[in-house]
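Me: I should like to examine the reasoning behind the terms used for this structure. Please set each value against its criterion.

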Amino acid sequence: MLFAMRHNVRMKNSSLARSILMNDGWSIPQIGLGVFQMPDDEVEAGVLAAIDVGYRHFDTARIYRNEEGLGRALRSSGLPRDEFFVTTKLWNREQGTDSARQALHLSLRKLQLEYVDLYLIHWPAPARGLALESWQTLIALRDEGLIRSIGVSNFLPEHLDELVQSTGIVPAVNQVELHPAFQQADLREVHASLGVVTEAWGPLGQGKYDLAEMPVLATLARTYDRSVHAIALRWHLQCGTVVIPKTSSPSRMIDNASLEGFELTPDDMAAIADADRNARGGTHPLEGNW
Ligand code: NDP
C-alpha cells in the first residue's frame, strides 16, 4: 500500500501530533493544511506532499472548488479513514434546509468520503437570514452520521448566541480570521466561555503584510533562531488555537509544523498581545453575504 511507503520525510520538532478536544468529544489536530487558492489540478500533489510530511488535517470548502482534488489525494494516499481529518464548508448560496443537505451530499461525493470530520457554515451571511435554519440542518446531518463535528466560520458573538439560544447546540469550532496583527482577544474569550474551539484562518496574515515588520516577531525569531512564521504559529499553538496555514511548498509545510523545542515565555506572549493592531485583512463577517 502506498501509505507504507510514505512518512519518508524526517521532521525534527514536529507538532503534527498535537490535538485539541472539542465540546462534542471528538478531537481536532491542532495543525492542518489549508488549501484555499490551490487549484483542483494542483491540490492533489500538494496534499500528497503534506501527507508525506505527516499532515493529517485538511481544510477546504465548496467555494474553493478543489474538493475533488483533495478527495483524489486522500484516496491515492491509501491512508485509512480514521487517520485523517477533513473539514469542508457550506457556501452562502447553499444555506437553507434542502440546499444545505444537497450541498453536503455533493461535497461528500467530490471528496469520496462517507462523512466529513468537520462541517462549517462558511459565513453567517446575515442578509440571507438562513444561518439558524442551516444550523438545524447540520445538526440533523450530524445525527445521521454524515458529519462528525459541526461548527461555524466568521461568526460574531451575536451569531453564536442565536444558534445556542435556539438549539442548545454549541458549535464545536468557529473558524475566524486571526493572526498577529488581528488577534481577536475578545472573541477568543467568548469562545472559551462557550466551549468553542478557536480556529485561525489566515494564521500567517495571508501574506498581506510582512510578519518580519512586526518588531516583536523579528526579535523573537532572533532569540529562538526560528523564522517569524514559526514564531507566529507557535504563538497560535500556545493560545490554544487550531491553525491551517496554506502553502504548496513542502519545505514550508515542514517549517509550519516544526514548532517544538522552544516555548514562548509569558512575557513573550504579552509582548505579542501588545503588538495587536486590530488590522482585519479580510471581509467583515456582517458583509460576507455573497
Ligand atoms: P495563510 O495565513 O495561511 O497564508 C498563506 C500565504 O503564506 C501563502 O501565500 C503562502 O505562500 C505563505 N506561506 C505559508 N507558509 C509560509 C512560510 N513558512 N514562509 C513564508 N510564507 C509562507 O492564509 P490563507 O488565506 O491561505 O489561510 C489558511 C487557510 O484558512 C486557507 O487555505 C483556508 O483553508 C482557510 N481560510 C478560511 C476562510 C474562511 O472564511 N473560513 C478564509 C480564508 C482562508 P506559498 O503558498 O507560496 O507557500
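Me: What makes the shell around the ligand nine nonpolar, twelve polar and four charged residues by class?
Reply: The model is a predicted one. Asp, Glu, Lys and Arg count as charged, and Gly is placed among the polar residues. Sorted by this rule, the shell has four charged, twelve polar and nine nonpolar residues. Of the 25 residues around the ligand, those that come nearest are Asp 59, Gln 206, Lys 246, Thr 247 and Arg 252.

Me: Why is the approach of Phe 36 to the ligand called a polar contact?
Reply: A polar contact requires a pair of N or O atoms within 3.5 Å. A polar backbone atom of Phe 36 is 3.0 Å from an oxygen atom of the ligand, so the pair meets the criterion. For Trp 201, an N or O atom in the side chain is 3.4 Å from a ligand oxygen, and a polar backbone atom of Gly 205 is likewise 3.4 Å from an oxygen atom of the ligand. The protein buries 85% of the 910 Å² that the ligand exposes when taken alone.

Me: Why is the aromatic pair of Phe 36 and Tyr 64 called tilted?
Reply: Ring centres must lie within 6.5 Å, and planes under 30 degrees apart would count as stacked, over 60 as edge-to-face. The centres of Phe 36 and Tyr 64 are 4.8 Å apart with 35° between the planes, so the pair is tilted.

Me: What do Phe 36 and Tyr 64 tie together?
Reply: Phe 36 lies in the loop between β3 and α2, and Tyr 64 in the loop between β4 and α3, so the pair ties together parts 28 residues apart in sequence.

Terms used: Residues are numbered from 1 along each chain as its sequence is written. This is a predicted model: local features need pLDDT of at least 70, side-chain atom pairs count only at pLDDT 80 or more; totals for chains, interfaces and linings use all residues. Side-chain values use heavy atoms; hydrogens and water are left out. A residue is near a molecule or strand if one of its heavy atoms lies within 4 Å of it. A polar contact is a pair of N or O atoms within 3.5 Å; within protein, one must be able to donate a hydrogen and the other to accept it, and residues adjacent in sequence count only if both atoms are side-chain atoms. Accessible areas come from the Shrake-Rupley method with a 1.4 Å probe; for residues, only the protein chains shown count as cover. Rings of Phe, Tyr and Trp (its six-membered ring) pair if their centres lie within 6.5 Å; planes under 30 degrees apart count as stacked, over 60 as edge-to-face and the rest as tilted. Helices (H or I, at least four residues) and strands (E, at least two) are DSSP runs, numbered from the N terminus.
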